[in-house]
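Trainee: I have a structure open here and would like to go through it with you. Could you put it up so that we can both look?

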Amino acid sequence: MIPSAYKEMTLSGQRRIISKEKITGSESLVRCLLQEGVDTIFGYPGGAIMPVYDSLYHFEDEINHILTRHEQGAVHAAQGYARVSGKVGVCMATSGPGATNLITGIADAQIDSTPLVCITGQVSAHLLGTDAFQETDVIAISTAVTKWNIQVTTAKDIPAAIAKAFYIARSGRPGPVVVDVTKNAQVELASFEYQKCLEVKSYTPDPVIDIDQIDNAAEAIKNAKRPLIIFGHGVIISGAKDEFQTFVEKSGIPAACTIMGLSGLNTDHPLHMGMLGMHGNYGPNVLTNECDVLIAIGMRFDDRVTGDTKRYATQAKVIHLEIDASEIDKIIKADFPVLGDCRTSLKLLTERVNAGNYDAWINQFEHCRKIEYDKVIAKEISPDSEVLSMAEVVNKISELSNGEAVLVTDVGQHQMIAQRYYNFKNWRSNITSGGLGTMGFCLPAAMGAKVACPERQVIAVMGDGGFQMTLQEMGTLFQSQINIKILILNNEFLGMVRQWQQLFFDKRYASTTMINPDFQTIAKGYGVSAQKIEKRENLEQAIKTFLNDTNSSLLEVMVGKEDNVFPMIPSGASLSEIKLEP
């Protein structure tokens, strides 16, 4: 609804909101957010952003502000919100340390292509460059880890900056944008006119697809005997759920995903062969080096997926569907590059392919699956030892939640185990820090995911190390009454580093042993119910209680101290050198 002090106009098919009188820059900023459909902001106030918070106070019925306990928590929460909803996440902080505390999350969002608009306060324009109190050059600091950034020094420039920020953040390959607003710009009066940005000069977020390349790719698929689809986060970002599944099912080609591609296709789909990567499944990894056509969709050939690039799929013709031209040929040479949004290119490719007979090829995956089950999986989900394993815990949670939860993971052994053993059944259900590998990501990201989709169950899976990096966000859960499930797989180690120390540093466990506090007492201090278990006979009932709690709950499970994650591709090795055991 447009307030009486404003009027709505249409020019060249675009909706414009214009004020009849001048308003402050801070109110202008809030009204810009409303015009972009923002309903939630995660943030932490401070001196240089205080005028915006004062204006936000008058719009509390329209925008929900979640007060986090640290700015890093705010940006990770905005990431979780964006990743589950598909919308732009918004966070806000003050100048100086407030802004710099956002940088880790911004870098995380950049590498994982998460759309964010991060608004920071700044000292008044006349103080810029004087080392004023809490002045930091956030534009210079954030340039390397943002898709775009801008500093606004006058109130009249705020609407155009915000409109452009949202357009750039969400279009093409999404990413984080920083808008740094000086304090004088927040308090000045200016006429307000808001018009959504629909284009930016010299920026082409949605490239025109070359039909000849589509035809060439289709011809290569037609002639393939052992084709393999590898899909990544781009399938989810583009919203290509139906298009991707249709392509897989019409072609009959086996598919494997990157860690970021999980939940792009149901884990139990008959053509889903598992996860690629350093700790991925045996079949997809080794058979990448035996396929004759590799169809890469919305993925960037990360080093964790390729291993030694000189020995990566050298026998295969490579088809690469990708929206970002800079990713084409950056790591792996594409024989058939298809530049464009994969939601569109998949439709065009599907029209040109027919089902092939790949039974013998698929049987090779099934053979590899049996080898992995016998050598790794069976032992992990039903261990001989009295000590619980991470795999059996996650496997039981997957069973009791029917694979329908949003699973948010931190970084480490538990991350690999969770993504190996959770049976994802719903779209946009896997939220993790992929490219940057940020410990402390999980708890605040899970909060953001729950705020975005309150009707979905959100399970935060983390280790004892990662939990302690952002555990102050338990205070946010308490104040904002956000209901998430917190699972701590406690091995009293920084587990992934310890695994490498065991395997490659002769068990010299340098600075990886954790002496932990009483997590139950901490949880209860924040009003979160908590349990701790160590015995297998208590596991199922503890998980049922954990999942069925109508409020936030925490479950700490003591797991094997020196349990390792296998399969494993050693750093720098070929995919064919994957190890199933130490």
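Mentor: Before we start, a word on usage: contact means heavy atoms within 4.5 Å. This is a predicted model, in which local features need pLDDT of at least 70 and side-chain atom pairs count only at pLDDT 80 or more, while totals for chains, interfaces and linings use all residues. Residues are numbered from 1 along each chain as its sequence is written, and side-chain values use heavy atoms, with hydrogens and water left out.

Trainee: OK, what share of the contacts in the protein with a separation of 6 or more comes from residues 24 or more positions apart?

Mentor: Such residues, 24 or more positions apart, account for 76% of those contacts.

Trainee: And how many helices and strands does the protein have?

Mentor: There are 23 helices and 23 strands, where helices (H or I, at least four residues) and strands (E, at least two) are DSSP runs numbered from the N terminus. Of the 582 residues, 59% count as buried, a term that means under 20% relative accessible area, with exposed being over 50% and partly exposed in between (1.4 Å probe, protein chains only).

Trainee: Let's look at the sheet with S14 in it; in what order do its strands run?

Mentor: The order in this open sheet of six strands is S14-S13-S12-S15-S16-S17, with parallel pairing; two strands count as paired if DSSP finds at least two bridges between them. At the edges are S14 (272–275) and S17 (336–339), each of which pairs on one side only.

Trainee: How many bridges link S16 and S17?

Mentor: Strand S16 (residues 317–322) pairs with S17 in the parallel sense over four bridges, and Pro337 in S17 is the bridge partner of His320. Helix H9 (residues 211–222) packs on this sheet, touching S15 (293–297), S16 and S17, and its direction makes about 135° with that of S17; axes here are lines fitted to C-alpha atoms, for helices over the stretch in contact, and angles run from 0 to 180 degrees between N-to-C directions.

Trainee: Which residues touch the most other members of the largest nonpolar core?

Mentor: Those are Leu294 and Ile297, in a core of 97 residues; a nonpolar core is a set of buried Ala, Val, Leu, Ile, Met, Phe, Trp, Tyr and Cys residues joined through side-chain atoms within 4.5 Å. Helix H15 (residues 359–381) supplies the largest share of this core, six residues. Leaving aside neighbours within four places in sequence, the contacts of Ile297 include Phe231, Phe244, Leu321 and Leu346.

Trainee: Staying with H15, where does it bend?

Mentor: The helix bends by about 50° at Tyr373, the bend at a residue being the angle between axes fitted to the seven residues ending there and the seven starting there. Among the buried residues of H15 are Trp361, Phe365 and Glu372, and the buried residues of this helix pack against S12 (227–231), S14, H12 (282–288), H16 (390–400) and H17 (413–421).

Trainee: Different topic: which residues of strand S6 point one way, and which the other?

Mentor: Gly89, Cys91 and Ala93 point one way and Val90 and Met92 the other, and all are buried. S6 pairs in the parallel sense with S4 (residues 40–43) over two bridges and with S7 over five bridges; Gly43 stands opposite Met92, while Leu116 in S7 is the bridge partner of Gly89.

Trainee: Last one, Thr114: buried or exposed?

Mentor: Thr114 is buried, with a relative accessible area of 1%, although this residue is found in the loop between H5 (103–111) and S7 (116–122). Not counting residues up to four places away in sequence, Thr114 touches Gln79, Ala82, Arg83, Ala109, Pro174, Gly175 and Pro176.
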